[in-house]
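Please read these comments with the model open beside them. They go from the whole chain to single residues.

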Amino acid sequence: MNFVVVKDYHEMSKRAAVIVAGQIYLKSKSVIGFATGSTPMGMYRELISMYREEKLSFSEMITFNLDEYIGLAKENTNSYHYYMMENFFKHIDIEKENINMPNSNIEDIDKECRGYEKKIAETGGIDLQVLGIGKNGHIGFNEPNISFEATTHQVKLDEETILANSRFFTNIEDVPRYAISMGIQTIMFARKILLLANGKEKADALCKAVTGPITPDVPASILRLHKDVTVIMDEEASFL
Ligand code: GLP
């Protein structure tokens with residue numbers, strides 16, 4: 001694992017954007033796995049600036065999002081579909097058909113999950129996967145005690161995750177209890193991984209993931225077995 005400690009959120013976002021941009025400059029048809037949540041928001045802002053000011057083009061980039069709630073329409077402001085469109089995709093020159101997000105508004109979720117995996121494989125696999133980390137060490141929506149062998153699947157959210165994500169909803173009751181998430185195996189098959197963490201509330205999870213035992217209790221700990229992971233953390237999240 002490569003560790004980069006930066007001063008603050010702004011610095012983390014800039015460093016992360018440079019890595020994503022570098023991937024696209026080197027291979028315009030890159031397949032990038034994107035994450036949602038508050039962590040990568042600044043990175044998306046930086047990438048939009050690079051598109052506007054540095055002529056960085058996303059016209060050939062193919063994307064796969066990590067996860068999506070079950071039970072929210074795409075237009076719902078809390079859906080990850082809405083988040084990605086509003087915070088990133090609608091501001092850049094990405095082709096609509098190159099955007100892939102799990103579709104949870106479908107009867108057969110298992111079929112959707114199998115189809116998502118197949119599509120990732122058909123593109124040649126993910127070149128760079130961007131990740132945040134949950135306070136309980138989750139990545140995507142792979143909650144503690146996940147099977148490391150899991151591919152894209154339906155997950156039940158932990159109470160801690162429901163509570164953490166309730167900050168975006170009017171009532172905690174409105175937070176979906178289920179989601180579709182890429183599995184640990186899907187994530188580990190990415191050629192490169194970029195893990196972002198900021199703020200002191202992430203320090204404990206990050207420390208456990210990076211220095212504790214590799215265990216499904218801390219899903220992010222599996223990343224230590226990946227050959228090309230860069231962790232960018234701000235001083236507050238740093239365990240160093
Ligand atoms: C959410 C998402 C994850 C995200 C994590 C941290 O539940 N499913 O993909 O990385 O939790 O979120 P945040 O960046 O808002 O702290």
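The numbered points below cover the fold, the sheets, two strands, one helix residue and the ligand shell.

1. Status. This is a predicted model. Please keep that in view throughout.

2. Overall dimensions. The chain has 240 residues and a radius of gyration of 17 Å. A compact globule of that length would come out near 18 Å, so the chain agrees with the rule. Along the principal axes, the C-alpha trace spans about 45 × 45 × 35 Å.

3. Content and packing. Seven helices and 10 strands make up the list of elements. Of the 240 residues, 42% are buried. Among contacts with a separation of 6 or more, 78% join residues 24 or more positions apart.

4. The three-stranded sheet. Which order do the strands take in this open sheet? The order is 4-8-7, and the pairing is antiparallel. Strand 4 (67-69) and strand 7 (153-156) are the edges. Each has a single partner strand, so one side of each lacks a neighbour in the sheet. From one strand to the next, the twist averages 30°.

5. The 4-8 pairing. Strand 8 covers residues 178-181 and runs antiparallel to strand 4, with three bridges joining the two. Glu68 is placed opposite Ile180 of strand 8.

6. The 2-3 pairing. Here the sense is parallel: strand 2 (residues 31-34) and strand 3 share four bridges. Ile32 has Thr63 of strand 3 as its bridge partner. In general, strands of a sheet pair through backbone hydrogen bonds, in either a parallel or an antiparallel sense.

7. Faces of strand 3. Are the residues of strand 3 buried or exposed? Ile62 and Phe64 point one way, Thr63 and Asn65 the other, and all are buried. The strand runs over residues 62-65. Thr63, the partner of Ile32, is thus worth viewing together with Asn65, which points the same way.

8. Lys119. This residue sits in helix 4 (residues 109-122). Why does Lys119 count as partly exposed? Its C-beta has 13 C-beta neighbours inside 10 Å, whereas 12 or fewer would make a residue exposed and 20 or more would make it buried. Phe239 lies 120 residues from Lys119 along the chain, and their C-alpha atoms are 37 Å apart.

9. Ligand shell. How many residues surround the ligand? There are 13, and Gly37, Ser38, Thr39, Gly132 and Gly134 come nearest. By class, the shell holds nine polar, three nonpolar and one charged residues.

Note on methods. Residues are numbered from 1 along each chain as its sequence is written. This is a predicted model: local features need pLDDT of at least 70, side-chain atom pairs count only at pLDDT 80 or more; totals for chains, interfaces and linings use all residues. A residue is near a molecule or strand if its C-beta atom, placed from the backbone, lies within 6 Å of it. Ala, Val, Leu, Ile, Met, Phe, Trp, Tyr, Cys and Pro count as nonpolar, Asp, Glu, Lys and Arg as charged, and the others, Gly among them, as polar. Two strands pair if DSSP finds at least two bridges between them. Axes are lines fitted to C-alpha atoms, for helices over the stretch in contact, and angles run from 0 to 180 degrees between N-to-C directions. The radius of gyration is taken over C-alpha atoms; the globule rule is 2.2 Å times the number of residues to the power 0.38. Two residues are in contact if their C-beta atoms, placed from the backbone, lie within 7 Å.
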